[in-house]
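Please look over the sequence and the model shown here, and keep both at hand while reading the report.

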Amino acid sequence: ELLTVADPATETDENILRITAISNRFDEGYDDSKSGGYRDLSVSVEVGWVMNDGLVSFSLVRDWEALRCQRHICEIQVRLR
């Protein structure tokens, strides 16, 4: 397993990502007229890292405060062709 995704409901000490938002436009209840018929799954995740000697190291969520990590929110999109 390469990484564990943090979910507030199941967060553990080994998470390196924290899910901040999920938008499921594949859901049958989604009104696609709001997006011109476009459908996807969008997951926003927060990552934390530190830079040492010019190298970036991703950190566990539990260590973000202690290490004074830089943070960034990324969006992952899943689309069908």
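The sections that follow deal with strand pairing, two residues of one strand, salt bridges, a surface patch and the cysteines.

## How the strands pair

This is a predicted model, and the description begins with strand S3 (41-52), which pairs with several other strands. Seven bridges join S3 to strand S2 (17-24), and these two strands run antiparallel. Within this pairing, Asn24 stands opposite Leu41 in S3. S3 also pairs with strand S5 (residues 70-78), again in the antiparallel sense, over nine bridges. In that pairing Val43 stands opposite Ile76 in S5.

A further partner of S3 is strand S4 (residues 55-58), which runs antiparallel to S3 and is joined to S3 by four bridges. Val50 has Ser57 in S4 as its bridge partner. S3 and S4 form a hairpin with two residues between them, and Asp53, which lies in the turn, has a positive phi of about 50°. When looking along any of these strands, it helps to remember that in a regular strand the side chains alternate between the two faces of the sheet.

## Two residues of strand S3

Gly48 lies in strand S3, and because its relative accessibility is 0%, Gly48 counts as buried. Which residues does Gly48 touch, not counting residues up to four places away in sequence? They are Ser57, Phe58, Ser59, Trp64, Cys69, Gln70 and Arg71. The C-alpha atoms of Gly48 and Ile73 are separated by 9.0 Å, although these two residues are 25 residues apart along the chain.

Ser44 is also found in strand S3, and with a relative accessible area of 16% Ser44 is buried, since buried means under 20%. Leaving aside residues up to four places away in sequence, Ser44 touches Arg18, Ile19, Thr20 and Ala21, and likewise Ile73, Cys74 and Glu75.

## Salt bridges

The count of salt bridges comes to seven. One of them is formed by the side chains of Asp40 and Arg25, which meet at 2.5 Å, taken from N to O. Both Asp40 and Arg25 lie in the loop between strand S2 (17-24) and strand S3 (41-52), so the pair ties together parts that are 15 residues apart in sequence. The two partners differ in their cover: Asp40 is buried, with a relative accessible area of 0%, whereas Arg25 is partly exposed, with a value of 22%.

Another salt bridge is the one in which the side chains of Arg62 and Asp63 meet, with a distance of 3.6 Å from N to O. Here Arg62 is partly exposed, with a relative accessible area of 45%, and Asp63 is partly exposed as well, with 25%. Glu65 forms a salt bridge with Arg71, and the closest N and O atoms of this pair are 2.5 Å apart. Glu65 is exposed, with a relative accessible area of 62%, while Arg71 is partly exposed, with 34%. Salt bridges that share partners join Arg18, Glu46, Glu65 and Arg71 into one network.

## A nonpolar patch on the surface

Which residues form a nonpolar patch on the surface? The patch is made of Phe26, Ile76, Val78 and Leu80, which together have about 370 Å² of accessible area. Ile76, a member of this patch, is found in strand S5, where it stands opposite Val43. Is Ile76 buried or partly exposed? Ile76 counts as partly exposed because its relative accessibility is 43%, and partly exposed covers the values between under 20% and over 50%.

## The cysteines

How many disulfides does the structure hold? The structure holds zero disulfides, and for a reader new to the term, a disulfide is a covalent bond between the sulfur atoms of two cysteines. Cys69 is buried, with a relative accessible area of 11%, whereas Cys74 counts as partly exposed at 30% relative accessibility. Each of these cysteines has already appeared in a list of contacts above: Cys69 is among the residues that Gly48 touches, and Cys74 is among those that Ser44 touches.

Conventions. Residues numbered from 1 in each chain as written. Predicted model: local features only at pLDDT ≥ 70, side-chain atom pairs only at ≥ 80, totals over all residues. Heavy atoms only, no water. Patch = residues over 30% accessible without salt bridge, like charges linked within 9 Å, V, L, I, M, F, W, Y side chains within 5 Å. Areas by Shrake-Rupley, 256 points an atom, 1.4 Å probe, with all protein chains shown as cover. Salt bridge = Lys/Arg side-chain N within 4 Å of Asp/Glu carboxyl O. Buried < 20%, exposed > 50% of the residue type's maximum accessible area, 1.4 Å probe, protein only. Pairing = 2+ DSSP bridges. Contact = heavy atoms within 4.5 Å. Disulfide = S-S within 2.5 Å.
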